[in-house]
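Grab a pencil and have a look at the fold below. A few short exercises follow, each worked through in steps.

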Amino acid sequence: MLHIHRLTSVDEVDRQAAGPLISALQRRPDTVLGLATGGTPIGLYRELIAAYTRGEISFAQAVTFNLDEYIGLSSEHPQSYRYYMEQNLFAHIDLPRERAFLPNGATSDLALACERYEQQLESYGYPDVQVLGIGHNGHIAFNEPADELQADTHVVQLTDTTIAANARFFTNPQEVPRQAITMGIASIMKAKTIVLIAKGSDKAAIIREALFGPIRTQCPASLLQLHPDLHVFVDSEAGSELP
Ligand code: PGA
């Protein structure tokens with residue numbers, strides 16, 4: 001079931017998109033949250049930190065899983081997703097780090113790291129609420145457009161468009177890793193509720209294609225049309241091409 005929330009401002013998107021996570025934590029303190037990185041969810045994390053600071057929620061019993069992580073960056077590298085999560089969320093809340101899971105992209109045994117991550121997801125029953133952004137090419141997490149998509153957590157080669165889009169975060173574009181570990185499409189679809197966020201006019205065309213175009217592996221986000229509880233939060237720019 002698709003629920004589209006078209007909002008007038010980016011601030012309102014952040015506030016509303018935080019809602020399902022906040023109410024899940026209030027209902028069940030040991031909620032499993034699926035988290036994303038990139039520019040899009042930073043405002044949502046600010047909302048979560050504010051709700052925590054006001055005493056409305058606690059993460060003391062919560063569990064988090066991130067969608068993906070670069071291969072070859074240590075967790076102290078400022079562009080690693082572990083570092084991003086520390087900066088934008090973890091350092092400001094009471095989440096025990098032993099229950100803050102990200103794929104391990106700094107190991108020599110990547111196959112084992114993928115297998116372990118999927119097992120950890122499975123042992124916690126997959127996220128109750130999963131936050132997602134969307135790439136300009138329709139990727140979700142690092143599941144890039146392709147003739148075939150992989151179900152479970154796996155190693156990916158990043159596409160040139162994704163490398164170019166992410167280069168803005170690196171001082172030297174040559175430093176952008178070429179590979180990452182990502183949750184697969186099936187791992188993502190196992191979340192009970194999905195919160196998909198898109199902001200800005202540059203996301204208008206892809207969000208329309210993902211939600212109303214044909215379901216195809218060349219637009220991985222289109223698979224989300226099959227999810228039973230998909231909540232999409234867009235500002236007026238990203239939502240401008242929606243019917
Ligand atoms: P962005 O990335 O939030 O930085 O636009 C979204 C994505 O690539 O999934």
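The exercises below deal with a predicted model.

**Exercise 1. Work out which strands are the edge strands of the open sheet.**

Solution. Start with the strand order, which runs β1-β10-β9-β6-β2-β3-β5 across seven strands, with parallel pairing. Next, look for strands that pair on one side only: these are β1 (2-7) and β5 (100-101). Then add the helix: α4 (residues 110-123) packs on the sheet and touches β3 (63-66) and β5. Its direction makes about 145 degrees with that of β3.

**Exercise 2. Find how many bridges join β9 and β10, and which residue of β10 stands opposite A198.**

Solution. Take residues 193-198 for β9 and 230-235 for β10; the two strands pair in the parallel sense over five bridges. Now go to A198: the residue opposite is V234 in β10.

**Exercise 3. Decide whether S187 is buried or exposed, and list its contacts beyond four places in sequence.**

Solution. First place S187: it sits in helix α6 (residues 185-189). Its relative accessibility is 0%, and the cut-off for buried is under 20%, so S187 counts as buried. With neighbours within four places set aside, S187 contacts E118, L121, Y126, A151, D152 and T153. As for A62, it lies 125 residues from S187 in sequence and 19 Å away in space, C-alpha to C-alpha.

**Exercise 4. Say which residues make the nonpolar surface patch, and how F212 is classed.**

Solution. The patch covers about 230 Å² and is made by L2, I4 and F212. Of these, F212 belongs to helix α7 (residues 204-212). Because its relative accessibility is 43%, F212 counts as partly exposed.

Notes:
Residues numbered from 1 in each chain as written. Predicted model: local features only at pLDDT ≥ 70, side-chain atom pairs only at ≥ 80, totals over all residues. Heavy atoms only, no water. Pairing = 2+ DSSP bridges. Helix = DSSP H or I, 4+ residues; strand = E, 2+ residues; numbered from the N terminus. Contact = heavy atoms within 4.5 Å. Axes fitted to C-alpha atoms, helices over the stretch in contact; angles between N-to-C directions. Patch = residues over 30% accessible without salt bridge, like charges linked within 9 Å, V, L, I, M, F, W, Y side chains within 5 Å. Areas by Shrake-Rupley, 256 points an atom, 1.4 Å probe, with all protein chains shown as cover. Salt bridge = Lys/Arg side-chain N within 4 Å of Asp/Glu carboxyl O. Buried < 20%, exposed > 50% of the residue type's maximum accessible area, 1.4 Å probe, protein only.
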